[in-house]
Amino acid sequence: MKLFIISFGLLALAFAGIAIKIWGKKDGKFAGTCASQNSNFNDSGEPCGFCGKMPEDCENK
């Protein structure tokens, strides 16, 4: 039972943190979620597998 309470508390804390981040961001959007914007994930200049944008088409570099 103690493990359940600790696990539930940590999950609640994580959801609260995400909710605060969404609330604090303009229009509730996460910045830089496209893989094309991250040079660690896309060093060969390929388009994003999710949205299809090329790295040069992204507004946040």
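Colleague: How much area does the chain expose, and what share of that area do carbon and sulfur atoms supply?

Modeller: In this predicted model, the chain exposes about 5,400 Å², and 64% of that area is supplied by carbon and sulfur atoms. Of the 61 residues in the chain, 11% count as buried, a word kept for residues under 20% relative accessible area.

Colleague: What makes methionine 1 exposed rather than buried?

Modeller: Its relative accessible area is 75%, and the term exposed applies over 50%, so methionine 1 is called exposed. As for its place in the chain, methionine 1 lies in the segment before α1, the helix that spans 2–24, and the chain has one helix and zero strands.

Colleague: Which residues form the nonpolar patch on the surface together with Met1?

Modeller: Phe4, Ile5 and Phe8 form that patch with Met1, and the accessible area of these residues together is about 530 Å². Phenylalanine 4 and phenylalanine 8 are both exposed.

Colleague: Why is the aromatic pair of phenylalanine 4 and phenylalanine 8 called stacked?

Modeller: The structure holds one aromatic pair, and in this pair the rings of phenylalanine 4 and phenylalanine 8 are 6.3 Å apart centre to centre, with 25° between the planes. Centres have to lie within 6.5 Å for rings to pair, and planes under 30 degrees apart count as stacked, so both values meet their cut-offs and the name follows.

Colleague: What separates phenylalanine 4 and phenylalanine 8 along helix α1?

Modeller: Because they are four residues apart in helix α1, about one helical turn separates phenylalanine 4 from phenylalanine 8.

Technical notes. Residues numbered from 1 in each chain as written. Predicted model: local features only at pLDDT ≥ 70, side-chain atom pairs only at ≥ 80, totals over all residues. Heavy atoms only, no water. Patch = residues over 30% accessible without salt bridge, like charges linked within 9 Å, V, L, I, M, F, W, Y side chains within 5 Å. Areas by Shrake-Rupley, 256 points an atom, 1.4 Å probe, with all protein chains shown as cover. Salt bridge = Lys/Arg side-chain N within 4 Å of Asp/Glu carboxyl O. Helix = DSSP H or I, 4+ residues; strand = E, 2+ residues; numbered from the N terminus. Buried < 20%, exposed > 50% of the residue type's maximum accessible area, 1.4 Å probe, protein only. Phe/Tyr/Trp six-rings, centres within 6.5 Å; stacked < 30°, edge-to-face > 60°.
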